[in-house]
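Here are a few exercises to work through with the model open beside you. Try each task before reading its solution.

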Protein chains: 2
Amino acid sequence: MDNSVPGTASIGRMPTVKRDTYTPDSLLSVAVRVFNERGYDGTSMEHLSQAAGISKSSIYHHVRGKEELLRRGISRALDGLFGILDEPAAREGRAVERLEYVTRRTVEVLMTELPYVTLLLRVRGNTDTERWAMDRRREFDQRVAGLVKEATAEGDLRSDVDARLATRLLFGMINSIAEWYRPERAAGEGSGDTSAEVAEAVVRTAFAGLRTH
Amino acid sequence: MDNSVPGTASIGRMPTVKRDTYTPDSLLSVAVRVFNERGYDGTSMEHLSQAAGISKSSIYHHVRGKEELLRRGISRALDGLFGILDEPAAREGRAVERLEYVTRRTVEVLMTELPYVTLLLRVRGNTDTERWAMDRRREFDQRVAGLVKEATAEGDLRSDVDARLATRLLFGMINSIAEWYRPERAAGEGSGDTSAEVAEAVVRTAFAGLRTH
DNA sequence: ACTGCAACCGAACGATCGGTCGGTGCAAGG
DNA sequence: CCTTGCACCGACCGATCGTTCGGTTGCAGT
């Protein structure tokens, strides 16, 4: 299908940032794309080598093996998500405001780091790496669940729906974006598919239902 | 782990409905459980044989192969979902009422047929069987999207969120139930986890946000 | 008592899996 | 010019994949 070229072909000869060959990161972006298309278990090293345009054995020059590619991809997603919780707007102010902010930013990170977050969301728990990913993800969910509880206690969220259930449904909406959002389709103006616009729609849809009014 | 016994051991000797050995359907329920635990591609016939307590080759006495187990499992989920659209309450009345009904029933079917629907939702499209499953699922989604459009046109749903996006977020909430609902945990009274109770929470959370008020 | 068949089994098939090995070519540095 | 080392390769490894084959066992029907 897509015989992609390693990096952006640059005429510069000096060891600038860009290279003509693969780096662990540029190879990762190819691998993660294939993982998402075929599933991690359904992807063989042969598939990866064809998608990258180098031989199977050459992949091992850049990374230790298949599982390292999975771990690196998942790490990138987790870094993006946990980074949200460290931002000022996620730490200060009324709980419901912090929750709205985290929701909006989670949608944005999910869309800008789409392949990596998609990979994270599909992990099942067969290996140590996958179980570690699930644990870290659960940790993120629980941090947000704490915000939901706080906001409910402060009377800003309706209390006739259990906080844990509400959190799950909220993440259900957010995470489902990975199932249908395709950035190449969002190029046109006014398509209503930029990350900020989708984030706004998610917040409106979710919070108008969760808020007390 | 679980060396399950084929069927419910019955003392009856005549060819009643229940058997002491595996039927394609009873084997299917074991296989689908393992598929969901390990992922379809991550499940080998050896895994299935161990979970079923019979040898690998014996599986082929009941079904043609691994992919037939996938196809049967997915079919069962699709039958349940499309069955909803044929029910009277999904065909008569105001669009927003039909939409609420379909939403509620979809949650219920998802929870009663949990393993089969979970299997359907995780299909990625590597084989013909998987692509057929994705096509059928998209067909179901579009039928519901039609209801959303109708209800929006009738002025019962807010129009500041695109109908297609709203449908996707609605299914995001519904389908995410497969990610966390575990029936064995819902046995206790008042746990708020029966299918009707969860369905009610989903409808409330989703529609209070989507409705005009 | 004999037959037929459902339900099962171990052994083995070719294919493919993730990963290793011993190179080759070539650009940069001295 | 010669050396060094990065990026890459084809050939191959043992293990495991889904599937097939040739049985064996035990019960139902006659």
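**Exercise 1. Find what Ile177(A) touches beyond its sequence neighbours within four places.**

Solution. Take contact as heavy atoms within 4.5 Å. Skipping those neighbours, Ile177(A) meets Val107(A), Leu110(A), Met111(A), Val198(A) and Val202(A). Next, look at the largest nonpolar core (buried Ala, Val, Leu, Ile, Met, Phe, Trp, Tyr and Cys residues joined through side-chain atoms within 4.5 Å). It has 136 residues, and Leu110(A), Ile177(A), Leu110(B) and Ile177(B) touch the most other members.

A word on ground rules: this is a predicted model, where local features need pLDDT of at least 70 and side-chain atom pairs pLDDT 80 or more, while totals for chains, interfaces and linings use all residues. Residues count from 1 along each chain as written, chains are lettered from A and ligands numbered from 1 in written order, and side-chain values use heavy atoms, without hydrogens or water.

**Exercise 2. Is Asn175(B) buried or exposed?**

Solution. First, place it: Asn175(B) sits in helix α8, residues 163–180 of chain B (helices are DSSP runs of H or I, at least four residues, numbered from the N terminus). Its relative accessibility is 16%, so Asn175(B) is buried (under 20% is buried, over 50% exposed, partly exposed in between; 1.4 Å probe, protein chains only). Leaving out neighbours within four places in sequence, its contacts are Leu110(B), Leu121(B) and Arg137(B).

**Exercise 3. Which rotation superposes chain B on chain A?**

Solution. Fit by least squares on C-alpha atoms of residues with pLDDT of at least 70 in both copies. You get 180 degrees, with 0.0 Å of shift along the axis and RMSD 0.0 Å. That's a two-fold axis relation.

Technical notes:
Helix = DSSP H or I, 4+ residues; strand = E, 2+ residues; numbered from the N terminus.
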